[in-house]
Amino acid sequence: MRSRSRRHWSSLAHGEPGGRARTISLAPVITALAGGVGAARLLRGLVRVVAPTEVTAVVNTGDDTELHGLHISPDLDTVTYTLAGLNDDERGWGLAGETWSVMESLERLGGETWFRLGDQDLATHLYRTQRLSTGATLSQVTAEITAALGVSVRLLPMSDDPVRTHLTLVAGPEVSFQEYFVGRRHAVAVESLRFVGAQTARPGPGVLGAIADAEVVVVCPSNPIVSIGPLLAVPGIADALAARRSEVVAVSPIIAGAALKGPADRLMAELGHEPTVVGVARAYANFVGTLVIDDIDAASAEAIEACGVRCVVAPTIMHSPDHAATLASLLLDAGRPSGATSGRGR
Ligand code: FO1
């Protein structure tokens, strides 16, 4: 197990391959709960202020899907590619400089192309699927892929057991997450959702220890319903977080009543949560000690504290990796009681 105590750390050159280095003298052990794009951007900032080897990300696998006989893990891949500096920043998912020859050829054959897999990206799914078929676990394959791509943040799938997010649409059937998100461009109202397999899933190896041992646990600005929700549904994870509540710091993915990207605001409203920072505070109150909200929502700070959640107000939009690094520093301060200052972030 890794020590929760602070260690002196003096490396001058750190950061993941795609990042720029910055130096701090203390090396806290950080665990982040991660979905896709928002989490990847925050983690890219975090590894500018903390040695990547001191960071563990527990990643949602509820979005995983099987297509063309391949096992696809979108959130694991988004985080991996971003930390490797290989991601397509504008699109948010997949690899930069991607080509689509396989999809074009598949289209000619009348194959399924609604979920677009780039030529280079396909290698990741081929590798993962082949390794899983020979008995490797998702955790083992993830460690192999991250090592091959030079990512030294420890990425842990939330579970090696299959957990799949399914949504029942108001106007129609129950669909898989990717059928909802990509197939229907999340432009359809949702009545309910469930995390198939979660009840019997076990947390991935190292997941509970990473939460228990972290100096600070960060809940990334990911969708509370379909990115953080599946993690909480895996037995043991919510309890492990609640046990560390005062060191758990979340960043609200809702800013001024809307999500920056994706359907978080609509899903919250459809499933009975107020789509505001206060709604996020209420949804997280059992396991989050501090919620960081954007400057624009400052007027809600009191209402958040009335939920028993400490509130820090700061700029949270990650326009660039530098902004992400600034936000990451603030989260580390907010999660460490000795360095914490309630109220306005620096
Ligand atoms: N998102 C899309 O909007 N369209 C796609 O065709 C698509 C393909 C895709 C392939 C691999 C991968 O890892 C991710 C992909 N995504 C695509 C993104 C992904 O489905 C979602 O952004 C996440 O699941 C939500 O976090």
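Guide: Let's start with three rings: Phe177, Tyr180 and Phe181 form one aromatic cluster. Keep in mind that this is a predicted model.

Visitor: How do I read a pair of rings, and which numbers describe it?

Guide: Two things describe a pair of aromatic rings: the distance between the centres and the angle between the planes. In this structure there are five aromatic pairs. Take Trp93 and Trp100: their ring centres are 6.2 Å apart and their planes meet at 75°, so this pair is edge-to-face.

Visitor: Are those two tryptophans buried or exposed?

Guide: One of each sort, roughly. Trp93 has 37% relative accessibility and counts as partly exposed. Trp100 is buried, at 18% relative accessible area. The cut-off for buried is under 20%.

Visitor: And what kind of pair do Phe177 and Phe181 make?

Guide: A stacked one, with 5.2 Å from centre to centre and 25° between the planes. Look at the sequence too: Phe177 and Phe181 are four residues apart in helix 6 (residues 177-183), so about one helical turn separates them.

Visitor: How covered is each of those phenylalanines, buried or partly exposed?

Guide: Phe177 is buried, with a relative accessible area of 4%. Phe181 is partly exposed, and its value is 30%.

Visitor: Back to the tryptophans. Which charged residues lie over their rings?

Guide: Here you check where the charged end sits relative to the ring face. Arg91 lies over the face of Trp93, at 4.7 Å from the ring centre. Over the ring of Trp100 you'll find the charged end of Arg116, 4.8 Å from the centre. Put together with the pairing, Trp93 has Trp100 as its edge-to-face partner and Arg91 over its face.

Visitor: Let's zoom out. How many helices and strands does the protein have?

Guide: There are 13 helices and 15 strands. The protein has 346 residues, and buried ones make up 53% of them. As for contacts, take those between residues at least 6 apart in sequence: 69% of them join residues at least 24 apart. The accessible surface comes to about 14100 Å², and carbon and sulfur atoms account for 55% of that.

Visitor: Where should I look in the largest nonpolar core, and which residues touch the most other members?

Guide: This core has 50 residues, and those touching the most other members are Tyr180, Val219, Leu241, Tyr284, Val288, Leu291 and Ile304. Helix 11 (residues 277-284) gives the core its largest share, five residues. There is also a second, separate core of 39 residues, with Val59, Val216, Val249 and Ala334 among its members. You've met Tyr180 already: besides its place in the largest core, Tyr180 belongs to the aromatic cluster with Phe177 and Phe181.

Visitor: Pick one core residue for me. What is Leu241 in contact with, beyond its sequence neighbours?

Guide: Setting aside the neighbours within four places in sequence, Leu241 contacts Leu33, Ile211, Val217, Leu232, Val248 and Phe287.

Visitor: Now backbone angles. Which residues other than glycine have a positive phi?

Guide: Two to look at are His186, with phi near 40°, and Ala256, with phi near 50°. His186 sits in the loop between helix 6 and strand 8 (190-196), and at 18% relative accessibility His186 counts as buried. Ala256 is in the loop between strand 11 (254-255) and strand 12 (258-259). With a relative accessible area of 49%, Ala256 is partly exposed.

Visitor: I'd like to see residues that are far apart in sequence. How far apart in space are His319 and Arg41?

Guide: Their C-alpha atoms are 9.5 Å apart, while 278 residues separate them in sequence. His319 lies in the loop between strand 14 (310-314) and helix 13 (321-335). His319 is exposed, with a relative accessible area of 61%.

Visitor: Last one: how many disulfides are there?

Guide: First the idea: a disulfide is a covalent bond between the sulfur atoms of two cysteines. A search of the whole structure finds zero. Take Cys307: the nearest cysteine sulfur belongs to Cys311 and is 9.8 Å away, whereas the cut-off for a disulfide is within 2.5 Å. Cys307 is partly exposed, with a relative accessible area of 24%, and Cys311 is buried, at 2%.

Note on methods: Residues are numbered from 1 along each chain as its sequence is written. This is a predicted model: local features need pLDDT of at least 70, side-chain atom pairs count only at pLDDT 80 or more; totals for chains, interfaces and linings use all residues. Side-chain values use heavy atoms; hydrogens and water are left out. A nonpolar core is a set of buried Ala, Val, Leu, Ile, Met, Phe, Trp, Tyr and Cys residues joined through side-chain atoms within 4.5 Å. Buried means under 20% relative accessible area, exposed over 50%, partly exposed in between (1.4 Å probe, protein chains only). Helices (H or I, at least four residues) and strands (E, at least two) are DSSP runs, numbered from the N terminus. Contact means heavy atoms within 4.5 Å. Rings of Phe, Tyr and Trp (its six-membered ring) pair if their centres lie within 6.5 Å; planes under 30 degrees apart count as stacked, over 60 as edge-to-face and the rest as tilted. A charge sits over a ring if NZ of Lys or CZ of Arg is within 6 Å of the ring centre and within 35 degrees of the ring normal. Accessible areas come from the Shrake-Rupley method with a 1.4 Å probe; for residues, only the protein chains shown count as cover.
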